[in-house]
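Me: Please take a close look at one part of this structure, the packing of two helices in one chain, and then place that part in its surroundings. Keep the account plain.

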Amino acid sequence: MWDYTDKVKDHFLKPRNVGELKDANAVGETGSLNCGDALRLYLKVNENERIVDASFMTFGCASAVASSSALTEIIKGMTLTEAAKLTNEDISDYLGGLPKEKMHCSVMGQAALKKAIANYRGVQILEKPGQVVCECFDVTDLEITDAVKKNGLKTTEDVTNYLKAGGGCGKCLDRIEELIESVNA
Amino acid sequence: MKIVYTDNNATTKVADEVIQEMLPYFGELYGNPSSMHTFGDQTAKKIKEARQRVADLINADPEEIVFTSCGTESDNSAVYSAINTYPDKKHIITSNVEHPAINNLFKLLKRTKGYRVTFVPVDKKGLLNLDVLYKSLSDETALVSLMWANNETGVLFPIKEIAQKIRGKGILLHTDAVQAAGKVLVDVKASGVDMLSLSGHKIHAPKGVGVLYIKKGIKFSPFFIGGHQEKGRRGGTENAASIIGLGKAAELAKAHLPVMETKVRELRDYLQNQLLEKILSCSVNGDLERRLPNTLSIGFDAVEGESILLMLDREGICASSGSACTSGSLDPSHVLMAMEVPFKSAHGSIRFSLSHYNTREEMDHIITALVPVIERLRAMSPFWKDGKLV
């Protein structure tokens with residue numbers, strides 16, 4: 001069984017802010033049915049660009065639900081500028097940490113938030129820069145090198161835990177290995 | 001909280017009768033069965049009895065039974081022995097839904113020893129593609145290893161029919177019968193397999209003891225090199241208490257086979273039919289007929305397995321999932337993927353595996369608990385709206 005903190009269990013069993021937010025004016029979605037987890041984040045942003053309410057709908061494991069719940073609690077009351085600085089580690093820290101195999105759940109929260117902010121501002125999120133390395137989970141080389149740098153990842157397993165990349169068919173594992181080496185060289 | 005244990009394909013309760021049988025051999029009767037004194041010989045006699053009991057369960061001769069430490073050791077021993085028997089043959093065959101003890105070993109042999117490996121596919125019901133299997137047989141083939149019953153879905157492979165096709169071709173046939181023994185009739189003579197693996201803890205014996213059946217006349221090269229134990233086929237002082245426990249468990253399993261076919265099958269069917277009736281958008285994984293009587297793998301659309309399990313856990317219900325998030329990898333189980341179970345229900349698949357200890361009341365408890373759990377998770381799923389998948 002996963003070694004979840006009490007806070008993760010609490011947010012899983014009693015998730016905060018679940019459901020569609022009727023008067024939301026921004027929505028961000030990430031993940032898919034195929035991946036095994038997905039999050040739709042709803043924001044209500046006031047004229048001062050402050051998040052006055054947030055809610056979520058999540059398909060996924062306990063830590064995906066808990067990360068989504070934590071995300072909505074963290075960002076309520078923040079301005080969009082503040083929220084844009086939120087990292088996946090902030091979500092994980094709020095929950096007292098996540099098992100390393102589950103870090104991608106917090107990454108999913110951060111990604112949905114980014115998309116919701118872009119949605120509010122009417123910005124189209126452009127095609128991701130870089131080249132897609134993991135086709136199963138649509139992860140680019142730039143995302144991988146970025147995650148390796150920021151989180152000091154050492155192995156392909158670490159990369160999979162953070163980004164899911166390489167966790168599907170596994171065909172891209174050699175390429176991920178090369179990218180890790182290029183960063184750590 | 002009362003525990004409702006429906007995870008018997010993972011492990012089973014050690015039967016009270018088995019514990020009683022073992023206790024003296026943890027305590028006062030600690031003699032080494034190989035010793036030249038009456039004290040040790042008491043253990044040897046009891047191991048002999050256990051060997052006979054295990055042989056009776058699968059219709060083998062006692063000399064054909066080798067005790068090992070687990071199903072995985074039995075599988076590994078069988079495969080390595082086969083490839084040592086035919087060092088010049090560089091082709092081995094298995095299915096793509098095997099237990100990791102075979103699946104990962106075959107992948108390793110492919111990667112490191114240059115073996116050509118055929119992973120025979122299954123269809124959407126989990127049934128083996130026999131055409132592919134038979135067409136892949138060649139003079140180069142050393143071994144065919146196929147499971148008797150699948151651990152996740154309970155689907156049965158037609159081992160007897162396969163053995164008939166392989167006979168006389170100079171190819172060894174091994175079967176991993178870890179999930180089948182004690183649940184359906186396993187008869188080594190009628191089926192005609194060369195080697196067969198069993199595990200103690202799946203049939204109400206303790207963990208840490210297994211069996212490899214080796215047909216008389218089959219050349220065997222041992223995996224554990226050591227003393228003369230098990231007639232030189234598996235070195236190492238016998239795990240006496242566990243072997244004696246396994247003997248008792250085998251005797252009980254044989255007696256319980258009719259119970260599996262009646263009471264256990266009825267309970268499983270009751271659980272299955274009630275869930276299908278009470279919960280929308282769910283489906284059974286695996287062929288409904290050619291399946292173990294105790295196993296139900298059922299997928300719920302738009303929800304994820306780990307979440308279901310953790311909520312069931314709060315109600316004292318033990319089950320398991322083929323879902324990624326419980327196993328540490330990210331894709332749903334290789335078994336469900338090989339069967340092309342759609343992602344929408346593969347991620348939300350739960351396995352209930354029963355034993356003769358389960359009751360109708362326990363099935364009702366599961367049904368009562370599971371209905372609101374699925375409703376709750378669907379209420380928060382972005383893929384579920386107005387009573388259907390979106």
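Reply: A term needed further on comes first: a residue is exposed if 12 or fewer other C-beta atoms lie within 10 Å of its own, and buried if 20 or more do. The model is a predicted one.

The part in question is the pair α6 and α8 of chain A. Helix α6 of chain A covers residues 141-151, and helix α8 of chain A covers residues 173-184. Their axes come within 9 Å of each other and cross at roughly 50°. With that angle, α6(A) is oblique to α8(A), because an angle that is neither under 35 degrees, nor over 145, nor from 65 to 115 counts as oblique. The crossing of α6(A) past α8(A) is right-handed. From α6(A), the contact draws on A:D141, A:I144, A:T145, A:V148 and A:K149. From α8(A), the residues are A:I176, A:L179, A:I180 and A:V183. By class, the residues of this contact of α6(A) with α8(A) are six nonpolar, one polar and two charged.

Next, the domains of chain A. The domain assignment splits chain A into domain 1, residues 6-121, and domain 2, residues 132-184. Taken over C-alpha atoms, the centres of domain 1 and domain 2 of chain A are separated by 23 Å. Six residues of domain 1 of chain A and five residues of domain 2 of chain A make the contact between these domains. On the domain 1 side, the residues that touch domain 2 of chain A comprise three nonpolar, one polar and two charged.

Chain A also touches chain B. That contact takes 21 residues from chain A and 21 residues from chain B. On the chain B side, the elements giving two or more residues are α9 (305-313), α10 (324-327) and α12 (343-346) of chain B. Of these, α9(B) gives the most, with three residues. The side of chain B that touches chain A has eleven nonpolar, six polar and four charged residues.

One residue of chain B calls for the definition given at the start. B:K189 lies in helix α7 of chain B, residues 188-191. B:K189 counts as exposed because it has 12 C-beta neighbours inside 10 Å. The C-alpha atom of B:K189 is separated by 8.3 Å from that of B:I58, although B:K189 and B:I58 are 131 residues apart along the chain.

How values were computed. Residues numbered from 1 in each chain as written. Chains lettered and ligands numbered in written order. Predicted model: local features only at pLDDT ≥ 70, side-chain atom pairs only at ≥ 80, totals over all residues. Axes fitted to C-alpha atoms, helices over the stretch in contact; angles between N-to-C directions. Helix = DSSP H or I, 4+ residues; strand = E, 2+ residues; numbered from the N terminus. Left-handed = near helix turned anticlockwise from the far one by under 90°. Contact = placed C-beta atoms within 7 Å. Nonpolar A, V, L, I, M, F, W, Y, C, P; charged D, E, K, R; others polar. Domains from an automatic or database assignment.
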